[in-house]
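Grab a pencil and work through a few short exercises. Each one sets a task and then walks through a solution step by step.

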Amino acid sequence: AAVALLVGAGFLVFGSGAAATGFALLGAVAGVLTLLRSWVTNQLLATGRLEALNGANVKSITISLLPLALIPWFPLEACVASILLQPIAFALLALRKCPDLRPSSLQVSRPLLGVVMQAGFLLFMTGVFIQLITQAERWYVVRYLGVEALGHLYLAIMFVTVYQLVPTSLDSVVLPRLVKD
């Protein structure tokens, strides 16, 4: 998160286009907020609070759709606001509903950090490379096939995503029992 914010700030200071660099910083902020949302989601799943998780998801998604009403006048800004609002709203709603999940201090346990890095670093890097591959795929499609082909690709991705909802939902239901055992 710190590296992403520094890169975004670097673009803001040293970038050539004001709008592009501003959006780079907003992208970094959105990334940090998404990490916060993932952390809260994992905490709610691990403790079996599916009602709080589902409520925060439905409400935050509804809130994030509100700026889209401004698309006819401010298309890019409305989309960026929508992307930023969802993780902010989710974290605020979930932490309001479950105050025991709120961080009380910033302490780092070296043994725990070592275990987390050992167990999660490879998964993290795998996720980063998957995102890079996805981005390169989109650039390739736009460059060699055009924007219309990118739209067709997104429709195919959406179709696959809909079919992934059931296994993902089942994982959310089964995970709390696995954590307890």
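## Exercise 1: Contacts of T41

Leaving aside residues up to four places away in sequence, T41 touches L53 and F90. Keep in mind that this is a predicted model.

Task: find the element that holds T41, and decide whether T41 is buried or exposed.

Solution.
- Step 1. Look for T41 in helix α2.
- Step 2. Check the relative accessible area of T41, which is 19%. Buried means under 20%, so T41 counts as buried.

## Exercise 2: The chain as a whole

Task: work out which elements the chain has, and what share of its residues is buried.

Solution.
- Step 1. Go through the elements: the chain has 6 helices and 0 strands. Read from the N terminus on, they run α-α-α-α-α-α.
- Step 2. Turn to burial. The chain has 181 residues, and 18% of them count as buried.
- Step 3. Now the surface. The accessible surface of the chain is about 13,300 Å², and 72% of that belongs to carbon and sulfur atoms.
- Step 4. Last, look at contacts with a separation of 6 or more: residues 24 or more positions apart account for 57% of them.

## Exercise 3: Two routes to Q86

Task: pick out A30 and T62, and say how many ångströms separate the C-alpha atom of each from that of Q86.

Solution.
- Step 1. Start with A30, which you'll find in helix α2. Its relative accessibility is 11%, so A30 counts as buried.
- Step 2. List what A30 touches once residues up to four places away in sequence are set aside: I83 and L84.
- Step 3. Go from A30 to Q86. They are 56 residues apart in sequence, and their C-alpha atoms are 9.4 Å apart in space.
- Step 4. Move to T62, in helix α3. With 46% relative accessibility, T62 is partly exposed.
- Step 5. Go from T62 to Q86. Here the separation along the chain is 24 residues, and the C-alpha atoms are 8.4 Å apart.

## Exercise 4: Hunting for a salt bridge

Task: say how many salt bridges a search of the whole structure finds, and which side chains meet there.

Solution.
- Step 1. Count them: the search turns up 1 salt bridge.
- Step 2. Name the partners. The side chains of D100 and R49 meet in this bridge, at 2.5 Å from N to O.
- Step 3. Place both residues. D100 is in the loop between α4 (75–97) and α5 (110–145), while R49 is in the loop between α2 (18–46) and α3 (50–65), so the pair ties together parts that are 51 residues apart in sequence.
- Step 4. Check exposure. D100 is exposed, with a relative accessible area of 54%, whereas R49 is partly exposed at 23%.

## Exercise 5: Rings in pairs

Task: find how many aromatic pairs there are, and sort out how the rings are set against each other.

Solution.
- Step 1. The count comes to 2 aromatic pairs.
- Step 2. Take Y140 and Y144. Their ring centres are 4.9 Å apart with 45° between the planes, and the pair is tilted.
- Step 3. Find the spacing of this pair: Y140 and Y144 sit 4 residues apart in helix α5, so about one helical turn separates them. Both Y140 and Y144 are exposed.
- Step 4. Turn to F159 and Y163. Their ring centres are 4.9 Å apart and their planes are at 65°, so this pair is edge-to-face.
- Step 5. Find the spacing here too: F159 and Y163 are 4 residues apart in helix α6, about one turn of the helix. Both F159 and Y163 are exposed.
- Step 6. Go back to Y144 for one extra: R143 lies over the face of this ring, 5.4 Å from its centre.

## Exercise 6: A nonpolar patch

Task: name the residues that make the nonpolar surface patch, then look at F159.

Solution.
- Step 1. The patch covers about 770 Å² and is made by L155, M158, F159, V160, V162, Y163 and L165.
- Step 2. Locate F159: this residue is in helix α6 (residues 147–180).
- Step 3. Check the exposure of F159. Its relative accessibility is 52%, and exposed means over 50%, so F159 counts as exposed.

Methods. Residues are numbered from 1 along each chain as its sequence is written. This is a predicted model: local features need pLDDT of at least 70, side-chain atom pairs count only at pLDDT 80 or more; totals for chains, interfaces and linings use all residues. Side-chain values use heavy atoms; hydrogens and water are left out. A salt bridge is a side-chain nitrogen of Lys or Arg within 4 Å of a carboxyl oxygen of Asp or Glu. Helices (H or I, at least four residues) and strands (E, at least two) are DSSP runs, numbered from the N terminus. Buried means under 20% relative accessible area, exposed over 50%, partly exposed in between (1.4 Å probe, protein chains only). Patches are made of residues with over 30% relative accessible area and no salt bridge: like charges are joined within 9 Å, nonpolar side chains (Val, Leu, Ile, Met, Phe, Trp, Tyr) within 5 Å. Accessible areas come from the Shrake-Rupley method with a 1.4 Å probe; for residues, only the protein chains shown count as cover. Rings of Phe, Tyr and Trp (its six-membered ring) pair if their centres lie within 6.5 Å; planes under 30 degrees apart count as stacked, over 60 as edge-to-face and the rest as tilted. A charge sits over a ring if NZ of Lys or CZ of Arg is within 6 Å of the ring centre and within 35 degrees of the ring normal. Contact means heavy atoms within 4.5 Å.
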